[in-house]
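Student: I have a new structure to read. Could you walk me through the reasoning behind its labels?

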Amino acid sequence: MELLIVVALGVVLTTAGFLSFSGARRARDVEMSAKELAAALREVRTRSAAQKDAARWSVRLTSTSTGSDYYQIYTGASYSTSSVQDTYYLRRTVEFGEPAEGRTVDFTFAPVTGKLDSKKI
C-alpha cells in the first residue's frame with residue numbers, strides 16, 4: 001500500500017512538473033515570437049525610413065487554419081508574392097490572436113519618416 005502511494009505521488013509530481021514545464025515552454029515560445037516579430041517590424045521601419053532599394057517596406061501577418069501562422073516582409077504598399085523578401089514562421093505553439101484565422105493584416109511604413117503609414121485588414 002505504501003509503495004502504491006509513493007508511485008502515485010511520483011506520477012502526480014512528474015505530471016505536474018511536465019505540465020509546468022510545458023506551460024513555461026509555451027510562455028517562452030510566445031515571448032520569443034513576440035520579440036522576433038518586434039525586431040522584424042523595427043527592421044522594416046528602418047528600411048522604409050532609409051528607402052532601402054528605393055522602396056516602401058511592409059509586413060504582412062497571416063493567420064492560417066493549419067496553425068502555421070507566419071509573417072512576411074515585402075516591398076511596396078501593396079502585397080504581391082513577387083515582392084516578398086522574407087518569410088518567418090511563428091513557433092509551433094504560437095498562433096496570432098489577430099488577424100483571425102484565414103485572414104491577413106498588412107502594416108506599411110512611410111518612406112523617410114518610417115512611421116506606420118497604413119494598416120490594412
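Student: How much of the chain counts as buried?

Tutor: Of its 121 residues, 30% count as buried. Buried means under 20% relative accessible area, exposed means over 50%, and partly exposed lies in between, with a 1.4 Å probe and protein chains only. This is a predicted model, in which local features need pLDDT of at least 70, side-chain atom pairs count only at pLDDT 80 or more, and totals for chains, interfaces and linings use all residues. Residues are numbered from 1 along each chain as its sequence is written, and side-chain values use heavy atoms, with hydrogens and water left out.

Student: What is the average pLDDT of the chain?

Tutor: The average is 81, and 79% of the residues score at least 70. The scale is the predictor's confidence in each residue, from 0 to 100. Over residues 1-19 the pLDDT is below 50. That stretch has 0 contacts in the model beyond near neighbours in sequence. Contact means heavy atoms within 4.5 Å.

Student: What makes up the secondary structure of the chain?

Tutor: There are 1 helix and 5 strands. Along the sequence the pattern reads α-β-β-β-β-β. Helices (H or I, at least four residues) and strands (E, at least two) are DSSP runs, numbered from the N terminus.

Student: Why is strand E4 called largely enclosed?

Tutor: E4 covers residues 104-109, and 5 of its 6 residues are buried, so the rest of the structure largely encloses it. Take Asp-106, which lies in E4. Its relative accessible area is 6%. The limit for buried is under 20%, so Asp-106 is buried. The C-alpha atoms of Asp-106 and Gln-72 are 9.3 Å apart, with their positions 34 residues apart along the chain.

Student: How do you know that E1 and E4 pair?

Tutor: Two strands pair if DSSP finds at least two bridges between them. Strand E1 (residues 57-62) and E4 have 6 bridges, in the antiparallel sense. That meets the rule. Ser-58 stands opposite Thr-108 in E4.

Student: Why is Leu-37 called buried?

Tutor: Its relative accessible area is 15%, so Leu-37 falls under the limit and is buried. Leu-37 lies in helix H1 (residues 2-49). Leaving aside neighbours within four places in sequence, Leu-37 is in contact with Leu-61, Tyr-71 and Phe-96. The C-alpha atoms of Leu-37 and Tyr-71 are separated by 8.1 Å, though the two are 34 residues apart along the chain.

Student: What makes Tyr-70 and Tyr-89 a tilted aromatic pair?

Tutor: Rings of Phe, Tyr and Trp (its six-membered ring) pair if their centres lie within 6.5 Å; planes under 30 degrees apart count as stacked, over 60 as edge-to-face and the rest as tilted. By this rule the count comes to 3 aromatic pairs. For Tyr-70 and Tyr-89, the centres are 5.3 Å apart and the planes stand at 50°, so this pair is tilted. Tyr-70 sits in strand E2 (residues 70-75) and Tyr-89 in strand E3 (residues 84-89), 19 residues apart. Tyr-70 has a relative accessible area of 19%, so it is buried. Tyr-89 has 52%, so it is exposed.

Student: Why is the pair of Tyr-74 and Tyr-79 called edge-to-face?

Tutor: The ring centres are 5.2 Å apart and the planes stand at 90°, so the pair is edge-to-face. Tyr-74 is at 0% relative accessibility, so it counts as buried. Tyr-79 is at 26%, so it is partly exposed.

Student: How do you know that Arg-60 lies over the face of Tyr-79?

Tutor: A charge sits over a ring if NZ of Lys or CZ of Arg is within 6 Å of the ring centre and within 35 degrees of the ring normal. Arg-60 lies over the face of Tyr-79, at 3.8 Å from the ring centre. Arg-47 lies over the face of Trp-57, at 4.7 Å from the ring centre.

Student: Which peptide bond is cis, with omega near 10°?

Tutor: The bond from Glu-98 to Pro-99 is cis. Pro-99 is found in the loop between E3 and E4.

Student: Why is Asp-53 called exposed?

Tutor: Asp-53 is at 59% relative accessibility, so it counts as exposed. Asp-53 lies in the loop between H1 and E1. Its phi is near 60°, a positive value in a residue other than glycine.
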